[in-house]
Amino acid sequence: MLILDKPAGLPVHRGPRGGASLEDHLPALAQGKRHLPQPAHRLDTDTAGCLVLGRTKPALAELGRLFAEGRARKTYWAVVRGAPAAQSGRIDLPLRKVSSAAAGWRMEAHPEGQPALTRWRVRGRGEGLTWLELRPETGRTHQLRVHCAAQGWPILGDPFYGPKAPGALQAGGLHLLARAIELPFSPPPSPPLAATAPVPAAMRAAFAACGWSEAA
């Protein structure tokens with residue numbers, strides 16, 4: 001298996017309109033294997049950070065099982081606009097996909113949607129901004145983005161679910177990082193395989209405004 005630090009703006013799969021994607025780089029990541037490595041889970045185009053790939057069919061099947069069973073522990077960091085009143089909590093809000101010819105597709109909170117659960121806690125606060133740690137317990141498309149926006153604190157730089165960010169912060173894009181992943185390949189007490197992604201340069205100003213430093 002491989003765990004990559006995917007940059008924001010790079011889609012995992014080729015889209016109908018073409019353009020660069022992670023698929024263009026898979027041959028270089030084969031490292032002598034007959035089959036190309038394949039992503040074991042989803043990561044939005046605009047999201048940076050940890051992306052897990054299986055290098056063989058058995059590895060991909062095992063990874064798929066871990067993600068399907070909810071045993072792969074995913075941790076995200078985000079800078080959101082606004083200030084949650086509490087220091088931690090959970091968001092239990094079903095999501096569904098909607099689309100129109102004029103606006104395209106997006107996700108929305110709806111009681112008839114698929115179950116979606118996110119746990120969150122505050123890591124730091126700044127002027128009008130909050131640094132959150134997010135742990136999704138389900139893997140719905142755009143789950144963290146919709147859940148945060150529905151609480152009144154959209155993720156900074158989100159072009160679909162939040163207002164336009166002011167000034168220099170807009171240049172940082174979506175401030176959502178797949179910060180860490182833990183994969184329990186062996187039963188306890190063996191530690192899980194873990195990886196951590198650094199905060200991208202474009203996001204550092206906003207995270208620093210909420211108290212983040214390199215030592216965090």
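A salt bridge is a side-chain nitrogen of Lys or Arg within 4 Å of a carboxyl oxygen of Asp or Glu. In the structure described here, which is a predicted model, a search of the whole structure finds 13 salt bridges. Several of these pairs are described first, followed by helix α3, strand β8, the cysteines and a patch on the surface.

Glu-133 takes part in more than one of the pairs. Its side chain meets that of Arg-121 in a salt bridge, at 3.1 Å from N to O. This pair links distant parts of the chain, since Glu-133 lies in strand β9 (residues 129-136) and Arg-121 in strand β8, 12 residues apart. Glu-133 also forms a salt bridge with Arg-135, with 3.4 Å between the closest N and O atoms. The three residues can be compared by their cover. Glu-133 has a relative accessibility of 8% and so counts as buried, because the cut-off for buried is under 20%. Arg-121 is partly exposed, with a relative accessible area of 37%, and Arg-135 is likewise partly exposed, at 24%.

A salt bridge also joins Arg-145 and Asp-158, whose closest N and O atoms are 3.0 Å apart. Here too, distant parts of the chain are linked: Arg-145 belongs to helix α3 (residues 143-150), while Asp-158 belongs to the loop between α3 and β10 (176-183), 13 residues further along. Both partners are covered. Arg-145 is buried, with a relative accessible area of 2%, and Asp-158 counts as buried at 2% relative accessibility. Elsewhere, Glu-62, Arg-65, Glu-69 and Arg-71 are linked in a network of salt bridges.

The helix that holds Arg-145 is mostly covered, with 6 of the 8 residues of α3 buried. The buried residues are Gln-143, Leu-144, Arg-145, Val-146, His-147 and Cys-148. In an α-helix there are 3.6 residues a turn, so residues three or four places apart point the same way. Just after α3, Gly-152 takes a positive phi of about 95°. On the other side of the helix in sequence, His-142 is found in the loop between β9 and α3. His-142 counts as buried, with a relative accessibility of 12%. Apart from neighbours within four places in sequence, the residues in contact with His-142 are Asp-44, Trp-105, Met-107 and Tyr-161.

Helix α3 is also met by a residue of strand β8. Thr-118 lies in this strand, which covers residues 117-125. With a relative accessible area of 1%, Thr-118 is buried. The side chain of Thr-118 makes a polar contact of 2.8 Å with the side chain of Gln-143, one of the buried residues of α3. When neighbours within four places in sequence are left aside, Thr-118 is in contact with Gly-89, Arg-90, Ile-91, Leu-134, Arg-135, Pro-136, Gln-143, Leu-144 and His-147. Among these residues, Gln-143, Leu-144 and His-147 appear in the list of buried residues of α3, and Arg-135 is a salt-bridge partner of Glu-133.

A contact between parts of the chain that are well separated in sequence involves strand β10, where Ala-180 lies. Ala-180 and Thr-75 are 105 residues apart in sequence, yet their C-alpha atoms are 5.1 Å apart in space. Beyond neighbours within four places in sequence, Ala-180 is in contact with Cys-50, Arg-73, Lys-74, Thr-75, Ala-195 and Thr-196.

A search of the whole structure for disulfides finds 0. Cys-148 is in no disulfide, and the nearest cysteine sulfur, that of Cys-210, is 13 Å away. Cys-210 is in no disulfide either, its nearest cysteine sulfur being that of Cys-148, 13 Å away. The separation explains why the two are not paired, because a disulfide needs sulfur atoms within 2.5 Å. Both of these cysteines are covered: Cys-148 is buried with a relative accessible area of 1%, and Cys-210 is buried with a relative accessible area of 3%.

At the surface, Met-1, Phe-185 and Leu-193 make a nonpolar patch of about 230 Å². Met-1 is found in the segment before β1 (2-6). With a relative accessible area of 30%, Met-1 is partly exposed.

Key:
Residues numbered from 1 in each chain as written. Predicted model: local features only at pLDDT ≥ 70, side-chain atom pairs only at ≥ 80, totals over all residues. Heavy atoms only, no water. Helix = DSSP H or I, 4+ residues; strand = E, 2+ residues; numbered from the N terminus. Buried < 20%, exposed > 50% of the residue type's maximum accessible area, 1.4 Å probe, protein only. Polar contact = N/O pair within 3.5 Å; in protein donor to acceptor, adjacent residues only side chain to side chain. Contact = heavy atoms within 4.5 Å. Patch = residues over 30% accessible without salt bridge, like charges linked within 9 Å, V, L, I, M, F, W, Y side chains within 5 Å. Areas by Shrake-Rupley, 256 points an atom, 1.4 Å probe, with all protein chains shown as cover.
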